[in-house]
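Okay, thanks for coming, everyone. I'll take a few minutes on one structure, so have a look at the screen.

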Amino acid sequence: MSAIKKVVLAYSGGLDTSVIIPWLKENYQCEVIAMCADVGQGDELAPVREKAIKSGASKVYIEDLTKPFVEEYIWPTLKAGAVYEGKYLLGTSFARPIIAKAMVAIAEKEGADAICHGATGKGNDQVRFELTVKALAPHLQIIAPWRIWDIRSREDAIDYAEKHGIPVPVTKKRPYSMDRNIWHLSHEGADLEDPWNAPQDDVYMVTTTPEQAPDVPAYVEVTFDQGIPVAVDGEKLDAVALLEKLNALGSANGIGITDIVENRLVGMKSRGVYENPGGAILYYAHRELEYLTLDRATLHYKEQVAVRYAELVYDGMWFSPLREALDAFVNSTQQTVSGIVRLKLYKGNIISAGAKSPYSLYHEGFVTFGRDEVYNQKDAEGFINLFGLPLKVRALMQKENK
């Protein structure tokens, strides 16, 4: 323990990281530098600097990572169509690598010996933080208090905080574990640990419930350029402003609430409730444009890639050769994913309302039920005969061997 003199802590100001500062100083007699990453969590950052100093940190870094977070982590994942287990839009998963990368940079600047995070030994985040450190700075030591200290529950952590005079934004009456950034807000713990319990309306802090959403639908048009969203309703916006606008629109219409029992990397199932208003709109719109612009073979193979890509992101393998290689494939597929998608938003539902692209592979002349001059329906007979030949040969064999 005495070998560690200076530690960079991933600090959020929440319950876990608030109690870690005094715990590190008590157990390692080390200097603690708090690093808070601004990934678009809003007003939560306002009291962080003062709170960290009062808790015992010698220095506080607040790193504005929102723009690179959206452009370098969210957009690539969106282009891949990566969704974990069909529901989870990976909001926490791809935030951890960019935070850990910033921590490594500060550790090298400050000459720190170790990185510390507040992820529990039961969760995925410990893997995401630590794999990033191993990939970028394998010489740094890693301290994970939840794996070694005597605190065994969030109630214990609250008691520890109260004993050390540290105010935390969690009470025993509302002990949800939450993670927020510009992409999503997640909720875990407390009554949500029982999958039979429906989320209470007061759980939601971003999105209006569908029941409370307007009785009149809202329409939105999203423009994409090579798979990247660039405009909303014809207005060109930078990445952050675009996502914020769609978050506001989606939230007002009850869009993006996801309730999932997911398979954690560490072997257990967990129940999470996620709010992803802007993300849900973008994934739906992007998929609609791919239906229009990608050929059958590419679309179907990309669906397989999306599953693997999501697993890599979920598992903390952002800085892995495979994810980087898959990016090359995805970027190739996105060269023609440009156009406009119109959607109807109504009480939690996203409904297709039109799509167009200069690269559309849809050709009305071929698919029309009316008279056409480009498709000879007699050609289908020969195609079916050849396509079904293996089935015919097998059937003949079975008949001969009865």
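Quick definition before the pocket: helices (H or I, at least four residues) and strands (E, at least two) are DSSP runs, numbered from the N terminus. And a pocket, on a 1 Å grid over the protein atoms alone, is an open set of points where a 1.4 Å probe fits, with protein on both sides within 12 Å along at least five of seven lines; lining residues have an atom within 4 Å of a point.

Now the caveats. This is a predicted model, where local features need pLDDT of at least 70, side-chain atom pairs count only at pLDDT 80 or more, and totals for chains, interfaces and linings use all residues. Residues are numbered from 1 along each chain as its sequence is written, and side-chain values use heavy atoms, with hydrogens and water left out.

So, the second largest pocket. There are 22 residues in its lining, and Val83, Gly86, Leu89, Tyr283 and Tyr284 lie nearest the centre. Two or more lining residues each come from α3 (66-80), β11 (257-263), α8 (277-293) and α9 (296-314). Which element gives the largest share of that lining? That's α8, with seven residues.

Over to helix α10 (residues 321-333), where you'll find Pro321. Pro321 counts as exposed because its relative accessibility is 67%; the cut-offs are buried under 20%, exposed over 50%, partly exposed in between, with a 1.4 Å probe and protein chains only. From Pro321 to Leu282 it's 39 residues in sequence and 27 Å in space, C-alpha to C-alpha.

Last stop, Tyr362, in the loop between β14 (349-356) and α11 (364-367). Tyr362 is exposed too, because it has 55% relative accessibility.
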